[in-house]
Amino acid sequence: MLETEPGGATIRAMAPGTLKTARIVAAKELRSCLRDPQTLIYALLLPLALYPALFWVMIQVSSLIEGRRALREVRIEVIAETAAEADAALALVKALSAGQLSADGSGDTEAAADDSAPGDAGTDSLRVLAGPHGLDVDACVDRLRNAADARANAGGDSARGAAPPADAVLLVRSDPNAPLLLLKLGTRPDSELAAARVEARLAELAAAARENAARAHPDPVVLRAPLAVVSRDLSSGAQQGAYLISVMLPMFVILMAVFGAFYPAVDLTAGERERKSEETTLLAPAPRGGLWLGKLLAVAALSFAATLLNLFGIAFAANHLLAMLGADGIEVRLGLVEIALAMPYAAVLVLLVAAILTGLGSLTQTFKQGQSLLGGAQLVFMLPALASSLPGLALSPGLAATPIVGIALALRMVLRGGELEPVGLLIAFASHLVYALVATFAALRLMGVELDADGRAPGLARVRAALLPRKSLPRRTP
Amino acid sequence: MNANAERHAVETRQLAKTYADPGKKGVVHALEGLDLECRYGEIYGLLGPNGAGKSTTLRILATMLAPSAGSALVDGVDVAREPLEVRRRIGFLSATTGLYQRLSPRETLQYFGALHGMPKERLEERIAELFDAFRMHDFADRRCEHLSSGQKQRTSIARAVLHDPPVLILDEPTTGLDILATGDMIEFIEARRDSRRCVLFSTHVLSEAERLCDRIGVIHRGRLLASGTLDELRAMTGETWLDGVFRALVKNAQGRAPAPFEEGAPA
């Protein structure tokens, strides 16, 4: 025994105060949470691995889609509006059937209408069909629609029976000044693909024609494509990346903070109640305020870890992701300075998130109830986070003090780099610190409302008892 | 003179507890003026039907519930005024007191030892003593979620007596235990009497009460109907067996206005 009293034998020692209790409890709760697979996945693994995993999945999906598109055979039918354009249409069939359209790029220029089935010429991926003569635009439209219906009725199987209908139609107009008319069905991927391939081939043919003309008449103006416009963004890739970060990243940071806090908040409140270890916690010989605070700090710590890991995950994978999305020139620079500047805002954010989710979690009796309640409560954070990604929002004093929106806009500013707006940043930090402290106070009071001997009490009565003194339910002893 | 000879280990005066009743928008009177005294070195059994107020009484003494009226002292300390000090002087265990599933027994004891403020070296010594006493070495570092019910029970007991409290409060401690674990629990309770601690426990199992208790209190509808040794209760009711005593007391209480039997009074 340490020290004993006469008759009794209590081991006497210096009891920890509220803050030390909170530290002991937080350490224990963190240890416990980090042994829970769900918490590990949602609070640590997902924030860190989400973007690299997205990067990997996009590569795989992109490769798969591109591979399937390249192998997909589509058909275009060239039709002459009158018999007078029949020769021109046939010439077009031959030109379009040149081998550059093949999927493997083998350059098979021999394929032509008379090499294939009657009225049929083409390659493995695009077959160019010589259609009938003497059809006007309306007739072509009907023909294309009927063809689509026929294909749909045949189950989309182009390999059965007679040659399948075309996916798009290229009409050679009777008016020599009228351009070729390309008819497609935008709701059908095969039709879109056929039209895209034909357009690409027509562009090549036009370029070749201009080159031939230039050789005959060496005037550089002839080489220009008529009315062609090429736009150029004068922003650097890094600037574009910073803009992208500023719009999207705050939303992701807030979502990840909520993700990181969600399971621990349920686990340490409703989960503990369900596992019947809440009574054990209540027996702890320590100030109850320290017990609740320790739980709340553990949730906040995991939320903070999720936020930080998410930022590092983005810094690692964002450039690869943007390249996969076709934005090769955009460069994401998320340096340690930007991350360090974001930390104070992340800290008040996670405290606010942890307090609200833990406080609400304490109203529930089972893990399932906790998940249901907190699942809806996540919208409190997600909707303002989404709203803050709208273009044109600035860190004005009013918006800076708006819950969640202010933090998102402040994060937008510091993560973007460049010029900072000190007044707005200060208001955002101070106001959210106040919100976080108020939410913490309310959460501690909610957790301190006494339940009956069976560990139950109505949720609304608990809220009233927590927020309004002398209401129906008593408070737990300190 | 021993300081503890002058005071009771547990003492309640006109203890009352009301709960909000959400269904009826009224209140439920779980305890109505309970007077109870338990001495050091004795095992006191609290008997009563379901809903009599046993669990509420014990949870007030363990500071998990706040009394609505009256007073309760544990080891001379008021549960309402100094709840933290009370928690440092009691060990509490019930059939529903769960363990932290993802901690091992060793981590559980280290956690409670830290909250008691026990110095690390002394804590490790004490944990080793308890592991020896309760034969816990084989599963000391296994997570509690993987323990058998008997191993969990031993861990819970070790947690409750880690700080060697003068008062042990047990709420139906053998409920749900198998025969072997029940035997272990009964041996443990008997051992506490020998070490001059007070054990206050509630039970439905009358044979346990007959075997273990130095004194028995019968509680019904939030009031103490009678309190005394088994012989005194027999004398009060004229019944031989405890179940007869219990039924006579409850029947008497249901049949007329509550008038608790006094200790040592004739039947």
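## A residue to start with

Is Gln14(B) buried, partly exposed or exposed? In this predicted model, Gln14(B) has a relative accessibility of 48% and so counts as partly exposed, since the exposed class begins over 50%. Gln14(B) belongs to strand β1 of chain B, which covers residues 10–21.

## Positive phi angles

The backbone at Gln14(B) deserves a look too: its phi is near 50°, a positive value in a residue other than glycine. Most residues other than glycine have a negative phi.

Chain A offers another case in Lys276(A), where phi is positive as well, near 65°. Lys276(A) sits in a loop, with α7 (237–274) on one side and α8 (278–282) on the other. With a relative accessible area of 46%, Lys276(A) is partly exposed.

## A nonpolar patch on chain A

Now let us turn to the surface. Four residues, Trp56(A), Val57(A), Val61(A) and Ile65(A), make a nonpolar patch of about 370 Å². Trp56(A) is placed in helix α2 of chain A, residues 37–71. The relative accessibility of Trp56(A) is 53%, so this residue counts as exposed, the cut-off being over 50%.

## Chain A as a whole

Stepping back, chain A contains 16 helices and five strands. The chain has 478 residues, 45% of which count as buried. About 22800 Å² of chain A is exposed, with carbon and sulfur atoms supplying 63% of that area.

Contacts along the chain can be sorted by separation. Taking those in chain A with a separation of 6 or more, 71% come from residues 24 or more positions apart.

Note on methods. Residues are numbered from 1 along each chain as its sequence is written. Chains are lettered from A and ligands numbered from 1 in the order in which they are written. This is a predicted model: local features need pLDDT of at least 70, side-chain atom pairs count only at pLDDT 80 or more; totals for chains, interfaces and linings use all residues. Side-chain values use heavy atoms; hydrogens and water are left out. Helices (H or I, at least four residues) and strands (E, at least two) are DSSP runs, numbered from the N terminus. Buried means under 20% relative accessible area, exposed over 50%, partly exposed in between (1.4 Å probe, protein chains only). Patches are made of residues with over 30% relative accessible area and no salt bridge: like charges are joined within 9 Å, nonpolar side chains (Val, Leu, Ile, Met, Phe, Trp, Tyr) within 5 Å. Accessible areas come from the Shrake-Rupley method with a 1.4 Å probe; for residues, only the protein chains shown count as cover. A salt bridge is a side-chain nitrogen of Lys or Arg within 4 Å of a carboxyl oxygen of Asp or Glu. Contact means heavy atoms within 4.5 Å.
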